[in-house]
Amino acid sequence: MDENKTRSKHFLLLVYQSFGIVFGDLATSPLYVYRSAFAGRLRHYQSEEAVFGAFSVIFWTLSFFSLFKYAVFMLSVNDNGEGGIFALYSLLCRHGKFSLLPNQQASDEELSTYQHAGYSNRSVPASSFRRLPDRDKKSKLALLILVLMAASMAMTLGVLTPAISVVSSIEGLKVQSNDLNHRIMVALAGVLLLSLFVLQYQGTHKVAFIFSPVVLLWLLSIAALGVYNIMHWNPRIYEALSPIYIYRFFRLTGIDGWISLGGALLCITGIDILFTEVGQFSASSIRVAFCFFVYPCLVLQYMGQAAFLSKNFSAISLSFYASVPGIASMTLIFITTSLISLSIYFVWHKGLALALSFFILFGTIELTFLFSSYIRILQGGWVPLLLSSIFLFTMFVWHYGSRKKYLYDQNHKLPMKWILTLGSDLGIVRVPGIGLIYTHLANGVPATFSHFLTNLPAFYQIIVFVCDKTVPVPFVPQKERYLVGRIGPKSYRMYRCIVQNGYKDVNENENEYDFENALIMSIAEFIQLEAEGGGSGTPDGGSIGGRLAVVKSSENFGKRFGISKSNGFEGTSSSSLNITSSKSATLVKLKMMYDEQESPEVKFKTRVQLTLVDTRYKDSFVKEEVMRLMEAKKFGVAYVIGHSNSKAKWNSPFLKRFLINIVYSFLRKNCRAPSIALSIPQTSLIEVGMNYTL
């Protein structure tokens with residue numbers, strides 16, 4: 001009983017918070033819908049029939065897209081509870097094989113978040129159309145461009161919509177003060193926008209609690225105002241709920257009415273947020289909030305405005321800003337419909353006829369609105385097109401360059417025969433410690449390793465190739481995050497660790513010690529399971545047998561280890577370090593001084609010390625290997641990462657040289673360094689210069 005009460009309270013809390021985050025744009029759209037719809041030549045149709053027809057178009061647009069398509073259907077579509085464009089693309093990459101990056105492994109499908117009931121494609125007969133992504137690279141590229149275009153439009157809406165809503169709200173002050181000039185309005189709008197973005201820094205939870213009562217009060221106010229206008233000005237407005245008025249509207253206005261569809265479309269501004277924010281709230285909470293509160297309030301307001309305008313048509317004011325998002329919003333909605341149609345066939349494995357029916361039902365109506373919106377390009381519609389084009393170009397070039405780099409690494413990785421011919425010492429000096437070599441490759445040995453040994457023929461006693469891999473799922477459970485295998489015979493002391501992350505996973509480690517300890521425990525767990533024969537193999541060509549064993553964390557993971565915490569350099573002395581290390585006291589002190597000078601925050605960090613508590617192993621060889629691993633950990637961990645310089649081949653086409661040598665290089669130099677993105681400690685970082693000829 002108490003559990004049911006807790007769930008009910010949590011559900012109601014989500015419903016309440018959704019008002020402040022999800023419905024802000026929808027709630028403010030009545031500020032500019034009518035004046036945008038009646039812009040241009042439609043303002044010459046000053047009759048009750050024209051106003052009634054415009055309201056009928058707005059009502060059915062809001063009902064068809066917001067209520068039927070999104071609230072009823074789209075909120076039921078999700079990727080492990082996540083919605084949005086990337087969720088749909090992730091589903092298509094997993095089940096339709098649309099990914100352009102060839103880093104898929106059999107172990108990916110073993111993730112608990114990878115497969116879902118009704119989504120599996122193992123028992124589905126492979127038709128020629130289903131095999132199209134495997135055969136045709138152009139189809140994968142076309143889908144990628146479509147997804148990037150949708151993401152660009154979403155970012156454009158994020159830039160423009162807040163400004164449009166705030167400016168439209170400020171313009172309402174002119175009703176009470178005719179002396180309010182344009183400069184004061186812009187200044188007030190700037191202050192409000194700045195305050196809005198400052199508040200967003202506090203987090204979604206606080207913003208939701210602040211804005212939810214504001215949005216609720218606003219919706220109640222406009223609903224009450226709508227009821228008043230209906231009763232006072234024209235109670236007959238309810239007749240326009242009939243779709244027959246849409247036919248009468250276009251019969252009266254002709255081409256001018258079709259052009260006005262771009263303005264009527266603004267009634268669903270921000271509707272895509274309902275689908276995008278599914279993961280932050282829940283489908284049921286958003287559906288309840290919209291169907292039982294937001295939608296009725298908006299309908300009453302639009303009815304009230306129409307009732308008022310039918311008797312006071314000259315009160316409609318025009319606004320340039322209202323026509324700006326009349327393209328970005330509709331393009332985003334149309335692309336979402338296209339992706340859903342593909343998902344019906346490739347992900348849910350329904351018939352091609354059903355997928356086409358869905359596309360025809362929604363796509364044809366959306367294309368009508370879209371073409372109407374593109375007529376307004378010269379009236380401000382060029383703004384979202386310009387911004388989205390910049391975003392699209394930037395993301396595409398980044399993906400293009402990153403894919404070329406990955407293929408270069410894949411083609412230049414070292415063969416295992418070369419590793420095996422070097423012997424267990426690899427023909428170099430092996431020094432105490434652990435060396436982590438970061439690579440994008442999920443199999444094979446990267447060229448970075450041979451490049452390092454060529455210039456400095458010495459490396460650490462324990463070698464771990466770390467692949468930070470993004471899997472096409474929203475998140476990866478912590479117990480499934482580390483996949484560990486061995487490279488070469490046991491005497492080589494070389495391992496591989498694939499760190500799997502979803503596209504919404506965030507690095508929540510307090511510091512580098514959390515990652516190091518988790519990695520060491522994962523390798524120790526792998527050594528134990530390998531001896532017991534509990535590892536599951538996936539083809540990789542890493543071990544002698546041609547297979548690389550990959551394991552998941554078991555129920556006993558980490559129980560053999562103890563963890564102690566200390567702040568900064570506390571609890572660390574030269575005498576204690578000399579017991580576990582061959583480093584002299586002078587070297588230890590110099591390293592501590594360097595750490596403190598180069599990274600002052602180090603002494604304020606919490607150091608997590610890992611110790612082996614339970615040393616009882618059935619297999620003496622397992623115990624020996626784990627003890628060597630722990631001993632190497634005490635000597636320290638170094639992070640080796642490639643510092644790349646990418647250039648196109650000299651005989652490449654001009655366009656490719658421009659994209660790689662200028663645009664991609666500029667983006668690489670002005671984005672976060674890989675060591676920062678991967679949270680690698682600077683004091684333990686070794687960068688290896690690499691030239692990529694793409």
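How are α1 and α9 oriented relative to each other? The first view below addresses this point. The model is predicted; local features require pLDDT of at least 70 and side-chain atom pairs pLDDT 80 or more, whereas totals for chains, interfaces and linings use all residues. Residues are numbered from 1 along each chain as its sequence is written, and side-chain values use heavy atoms, with hydrogens and water left out.

**View 1. Packing of helix α1 (residues 2–21) against helix α9 (residues 204–233).** The two axes come within 6 Å and cross at roughly 80°; axes are lines fitted to C-alpha atoms, for helices over the stretch in contact, and angles run from 0 to 180 degrees between N-to-C directions. Helices α1 and α9 are therefore roughly perpendicular to each other (angles under 35 degrees count as roughly parallel, over 145 as roughly antiparallel, 65 to 115 as roughly perpendicular and the rest as oblique). Contact residues (heavy atoms within 4.5 Å) include L13, Y16 and F19 of α1 and H205, F209 and L216 of α9. The residues of this contact comprise 12 nonpolar, five polar and no charged; Ala, Val, Leu, Ile, Met, Phe, Trp, Tyr, Cys and Pro count as nonpolar, Asp, Glu, Lys and Arg as charged, and the others, Gly among them, as polar. Helices (H or I, at least four residues) and strands (E, at least two) are DSSP runs, numbered from the N terminus.

**View 2. Surroundings of S285 in helix α14 (residues 283–309).** S285 counts as buried, at 0% relative accessibility (buried means under 20% relative accessible area, exposed over 50%, partly exposed in between, with a 1.4 Å probe and protein chains only). Its C-alpha atom is separated by 6.5 Å from that of F11, although the two residues are 274 residues apart along the chain. Apart from neighbours within four places in sequence, S285 contacts F11, L14, V15 and S18.

**View 3. Helix α15 (residues 328–346) and its partner α16 (residues 352–374).** Of the 19 residues of α15, 18 are buried. The axes of α15 and α16 come within 9 Å and cross at roughly 170°, and the helices are therefore roughly antiparallel to each other. Their contact residues divide into 16 nonpolar, six polar and one charged.

**View 4. Two loop residues with positive phi, N80 and K97.** N80, in the loop between α4 (48–73) and α5 (85–95), has a phi of about 55° although it is not a glycine. N80 is buried, with a relative accessible area of 17%. K97 lies in the loop between α5 and α6 (132–135), and its phi is near 60°. At 34% relative accessibility, K97 counts as partly exposed.

**View 5. An open sheet of six strands in the order β3-β4-β2-β1-β9-β10, with mixed pairing.** Strands β3 (482–486) and β10 stand at the edges, each with a single partner strand, so one side of each lacks a neighbour in the sheet. The twist averages 25° from one strand to the next. Strands β1 (residues 429–439) and β9 (residues 637–647) run parallel and are joined by four bridges (two strands pair if DSSP finds at least two bridges between them). In β9, Y639 is the bridge partner of L436, and V640 is that of I437. Nine bridges pair β9 with β10 (residues 685–693) in the parallel sense, and I641 stands opposite E687 in β10.

**View 6. Helix α23 (residues 620–635) on the sheet.** This helix lies across β1, β2, β3, β4 (494–501) and β9 and runs at about 85° to β1.
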